[in-house]
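Trainee: I should like to work through this structure with you, question by question. May we begin with the cysteines?

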Amino acid sequence: MSAKYLYTFGDGKAEGQAGMKNLLGGKGANLAEMSNLGIPVPAGFTITTEMCTVYYQMDRKYPPELDQKIRDAIAQVEKIMRAKFGDPVNPLLVSVRSGARVSMPGMMDTVLNLGLNDQTVQGLIKQSGNERFGWDSYRRFVQMYGDVVLGLKPESKEDEDPFEVALHEKKKKLGIKLDTEFSAKDLRELVQEFKALIKKGKGVEFPEDPWKQLWGAIEAVFGSWNGARAIKYRKLNGIPEDWGTAVNVQAMVYGNMGEDSGTGVAFTRDPATGNNMFFGEYLLNAQGEDVVAGIRTPEPVNESTKNNPGQTTLQKAMPEAYKTLEEIYLNLEKHYTDMQDIEFTIQKGKLWMLQTRNGKRTAQAAVKIAVDMVREGLIDKKTAVKRIVPSQLDQLLHPTFDPKAPKKVIAKGLPASPGAAAGRVVFNSDDAEAWANRGEKVILVRIETSPEDIGGMDKSQGILTAFGGMTSHAAVVARGMGKCCVAGCGAVEISYKDKQFTVGDKATVKEGDWISLNGSTGEVMLGAVPTVKPELSGDFGQVMKWADEIRKIGVRTNADTPKDSQVALDFGAEGIGLCRTEHMFFEGDRIKAMREMILADDTEGRKKALAKLLPYQRDDFYGIFKVMAGRPVTIRLLDPPLHEFLPQEDANQAEMAKEMNVSVEKVKNKVASLHELNPMLGHRGCRLGVTYPEITEMQARAIFEAACQLRKKEKIDSKPEVMIPLIGTVGEMVNQKTLIVETAKKVFAEQGVELHYMVGTMIEIPRAALVADKIAEHAEFFSFGTNDLTQMGFGYSRDDAGRFLPSYVDMGILPEDPFQVLDQEGIGQLVQIGIERGRKTRKDLKVGICGEHGGEPKSVIFCHRVGMNYVSCSPYRVPIARLAAAHAAIEDQEGKIERDK
Ligand code: PEP
Ligand code: MG
């Protein structure tokens with residue numbers, strides 16, 4: 001056998017190193033690296049992940065030469081640790097642990113104290129001078145081995161663990177409560193009782209031979225790679241089946257050998273704030289699990305992090321060991337150039353390092369640590385940018401719940417728009433506005449929202465809907481507003497009539513009751529959970545500046561008010577990629593004029609109503625152009641079906657009839673005539689503009705008049721990009737473009753101003769992507785509307801897919817919700833074809849994306865790869881997109897992205 005299946009480490013050297021994670025697993029590679037750095041690591045060896053593959057290929061057998069390799073490696077460990085495997089006087093004991101390429105916490109098996117038997121336990125007692133400790137270690141080993149290797153465990157969830165039952169009975173017999181109250185004699189008896197349990201339950205003797213024990217444990221660890229827990233975890237986290245796990249066999253060291261021993265965990269910097277201070281916790285005379293188990297309260301490691309004078313720090317209790325620890329942590333951080341999460345044990349005054357890994361951290365800490373490390377010269381700007389996970393920035397941009405506050409979760413929906421909101425429940429938009437206007441904080445709870453609800457949504461702290469997915473109206477609008485939203489929360493049963501909602505028999509929430517929503521997790525909680533406001537510190541701005549220097553594609557925003565535009569500008573948006581004009585028609589008197597237009601019987605009537613809308617639209621555009629101060633602004637012409645502007649409920653229809661001075665009948669007839677079986681595929685988008693050209697003309701006029709007036713009044717040259725929605729044929733494109741160009745000519749002549757503008761289209765119908773070469777003859781830009789493109793490409797209704805999509809994702813039929821993360825494999829092809837064909841006709845065709853995917857990191861990387869000019873997303877996702885775009889550029893530079901040939 002030529003392959004090297006085993007790598008040793010210890011005594012200041014190792015055969016492996018940090019770069020060998022694939023072969024040695026994360027833990028093995030780090031142990032080797034620490035050894036190479038001269039850091040005291042208990043000696044040991046790693047059996048490779050490759051061996052795991054061979055083991056399964058050989059039908060759970062090993063190549064015969066592995067036995068000798070293991071014997072040689074143990075001999076080396078014996079030499080370094082000055083102890084002997086199986087020796088009754090001075091026994092070497094080992095741990096056997098799993099370790100895959102990526103950490104799979106708790107998913108695979110571990111055996112500790114291996115090598116103990118009836119003889120070697122005496123040696124351990126002699127070496128430690130502590131009889132109770134010896135028997136307790138032995139008792140724990142037999143229990144662990146019996147469970148993990150020999151499989152004596154509860155048959156089902158309802159069954160009790162046989163070892164725990166025995167422990168419990170023993171305590172009852174002795175009249176004691178805690179494990180710590182067992183005497184050495186009790187523990188010795190327990191060892192025998194446990195062995196008898198194994199014999200009885202499994203029909204095998206507990207193996208006294210340490211070599212047999214070792215093989216059993218190695219096999220169990222390899223076997224646990226294919227255990228149910230590990231398989232499920234791999235599936236959930238997309239870890240390939242064929243990676244395999246390594247097995248780490250390492251000398252045991254003990255932190256519970258007396259008052260000159262201890263164990264602890266520490267972070268080289270504060271993982272919550274990122275502050276550059278070493279901090280951690282330890283326990284004297286204890287084993288690692290005691291620190292985490294919470295039975296004894298650990299003490300701070302150093303004086304500077306002490307928070308009450310009664311605490312004894314490691315720095316005071318064991319100054320020598322502390323000094324070594326300090327040297328080591330500095331060395332490790334410098335070596336890995338990242339914040340480390342470390343574990344250590346002190347055995348009889350000597351410090352041993354058991355683990356080091358890059359520490360998990362909050363978004364705030366990630367940003368601070370990255371910026372500090374650039375300043376300290378540890379990393380460069382590119383590395384700093386790479387270290388921040390784009391989706392984690394959400395934590396910095398929205399208020400979050402105080403992690404210390406108690407919470408009572410009653411239901412979970414889709415995390416549609418991040419944030420933390422608490423307020424009193426109201427069930428309709430008017431109430432939301434009325435309550436908010438008198439100073440109440442409200443949460444708007446709706447079965448689903450429609451454009452009519454916009455006012456109430458705006459005034460609410462957060463929105464909860466029972467139906468609708470991630471691109472439902474509520475979700476899109478809430479994200480646009482930077483407002484917390486939990487959508488599609490099926491467990492919530494709403495009764496508008498009774499003004500209450502129920503969650504099974506768990507809770508009944510009435511109008512006026514307080515609830516809290518977590519838009520990042522989808523949790524719905526009873527009561528008002530307190531929130532904390534995040535600080536956008538200078539470090540955040542710094543990282544974003546570096547990201548901007550690196551990224552290649554532009555980042556715009558989807559905004560349709562001057563206020564949102566300003567928010568997005570503050571977040572670094574470089575233009576508007578989508579201004580949805582329909583949202584502008586709901587405020588105050590506008591909806592009246594809009595309804596008048598819809599009710600009109602002929603073109604003349606429509607024109608009259610549209611003339612009323614014109615000044616509103618013009619003012620809206622003027623405000624947006626002004627805020628955007630010369631940056632490009634893409635304005636999309638009216639898109640939704642007209643029925644969305646009419647009330648659906650009887651009472652509201654009656655009210656509308658009264659207001660408009662028409663009969664209820666007329667309103668009802670109009671609503672009925674506009675009814676469509678499939679409105680998403682119906683009379684919407686450019687189809688409205690084609691059949692009612694006066695709508696397109698009015699909107700184009702408003703855009704150009706606003707731009708001309710802004711030039712005349714404020715000397716600002718705006719860059720309008722007029723965008724036609726839902727184009728599927730060239731004919732539609734030509735029809736609408738002609739109207740727009742003619743209107744522009746007229747307005748420029750009237751105003752005496754000439755302005756540069758563009759006319760382009762959304763590509764959101766699959767056919768449009770396929771005939772993109774023809775469309776590009778008339779369109780100066782494309783913006784991919786991937787919400788509709790996903791809807792029509794998959795044939796999944798945006799509004800109804802919430803009923804089955806979560807199951808599809810759970811079952812692995814789809815890797816992710818394609819309305820959240822762009823389906824690169826399928827819909828991505830349509831995007832690529834659209835760009836390629838479009839640019840074949842028009843080389844300089846400007847291409848962007850304005851579907852919800854424009855702010856989703858993986859999709860942004862895709863957009864970079866296919867050569868888009870920009871992405872556009874809701875204001876609060878602009879920083880995320882900027883960072884993701886920088887990641888894309890870095891990956892590209894580093895050759896991770898294979899360019900399409
Ligand atoms: C889209 O379809 O991706 C899009 C941006 O338009 P809307 O969501 O308004 O349909
Ligand atoms: Mg669309």
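Trainee: How far is the sulfur of Cys850 from the closest cysteine sulfur, and in which residue does that sulfur lie?
Mentor: Please bear in mind that this is a predicted model. A disulfide requires two cysteine sulfur atoms within 2.5 Å. The closest cysteine sulfur is too far from that of Cys850 for a bond; the distance is 11 Å, and the residue is Cys863.

Trainee: Is Cys850 buried or exposed?
Mentor: A residue counts as buried when its relative accessible area is under 20%. The value for Cys850 is 1%. Cys52 likewise has a relative accessible area of 1% and is buried. The term for Cys850 is therefore buried.

Trainee: How many disulfides does the structure hold?
Mentor: Cys850 has no partner within reach, because the closest cysteine sulfur, in Cys863, is too far away for a bond. For the structure, the number of disulfides is zero.

Trainee: What confidence does the predictor give to the protein chain on average?
Mentor: A pLDDT of at least 70 is reached by 97% of the residues. The average pLDDT of the protein chain is 92.

Trainee: Over which residues is the pLDDT below 50?
Mentor: This stretch has 12 contacts in the model beyond near neighbours in sequence. Its pLDDT is nevertheless below 50, and the stretch comprises residues 897-901.

Trainee: What percentage of the residues in the protein chain is buried?
Mentor: The protein chain contains 34 helices and 34 strands. Its C-alpha atoms fill a box of roughly 105 × 60 × 60 Å along the principal axes. Of its 901 residues, the buried portion is 55%.

Trainee: Which residues are the protein donors of the magnesium ion?
Mentor: The ion is ligand 2, and its protein donors lie 2.0 to 2.1 Å from it. One donor is an OE atom and the other an OD atom. The residues that supply them are Glu764 and Asp788.

Trainee: How many residues apart in sequence are the parts that this pair ties together?
Mentor: Glu764 lies in the loop between strand E31 (758-763) and helix H28 (766-770). Asp788 lies in helix H30 (residues 786-794). Both Glu764 and Asp788 are buried. Because the two residues belong to these separate parts, the pair ties together parts whose separation in sequence is 24 residues.

Trainee: Which residues are linked with Asp788 in a network of salt bridges?
Mentor: By the rule applied here, the count of salt bridges comes to 55. Asp788, which is also a donor of the magnesium ion, belongs to one network of salt bridges. The residues linked with Asp788 in that network are Glu582, Arg636, Asp639, Arg684 and Arg798.

Trainee: In which strand does the bridge partner of Arg580 lie, and which residue is that partner?
Mentor: Strand E28 (residues 576-580) pairs with E29 in the parallel sense over three bridges. The strand that holds the partner is E29, and the residue is Arg636.

Trainee: Which residues of E29 point the other way from Pro632, Thr634 and Arg636?
Mentor: In a regular strand the side chains alternate between the two faces of the sheet. Strand E29 (residues 632-636) is mostly covered, five of its five residues being buried. The residues that point the other way are Val633 and Ile635.

Trainee: Which residue in E30 is the bridge partner of Ile635?
Mentor: E29 also pairs with strand E30 (residues 719-724), in the parallel sense and over five bridges. Within E30, the partner of Ile635 is Val722.

Trainee: What separates Arg139 and Asp136 along helix H5?
Mentor: The side chains of these residues meet in a salt bridge, at 3.2 Å from N to O. Arg139 counts as buried at 6% relative accessibility, and Asp136 counts as buried at 11%. They are three residues apart in helix H5 (residues 131-148), so the separation is about one helical turn.

Trainee: Which helices does the salt bridge between Glu714 and Lys626 tie together?
Mentor: The closest N and O atoms of Glu714 and Lys626 are 3.5 Å apart. Glu714 is partly exposed at 32%, and Lys626 is partly exposed at 40%. The pair ties together parts that are 88 residues apart in sequence, namely helix H26 (residues 693-714) and helix H22 (residues 603-628).

Definitions and conventions. Residues are numbered from 1 along each chain as its sequence is written. Chains are lettered from A and ligands numbered from 1 in the order in which they are written. This is a predicted model: local features need pLDDT of at least 70, side-chain atom pairs count only at pLDDT 80 or more; totals for chains, interfaces and linings use all residues. Side-chain values use heavy atoms; hydrogens and water are left out. Donors are N, O and S atoms within 2.8 Å of the metal (3.2 Å for Na, K and Ca); water is not among the atoms, so sites may look incomplete. Helices (H or I, at least four residues) and strands (E, at least two) are DSSP runs, numbered from the N terminus. Buried means under 20% relative accessible area, exposed over 50%, partly exposed in between (1.4 Å probe, protein chains only). pLDDT is the predictor's confidence in each residue, from 0 to 100. Contact means heavy atoms within 4.5 Å. A salt bridge is a side-chain nitrogen of Lys or Arg within 4 Å of a carboxyl oxygen of Asp or Glu. Two strands pair if DSSP finds at least two bridges between them.
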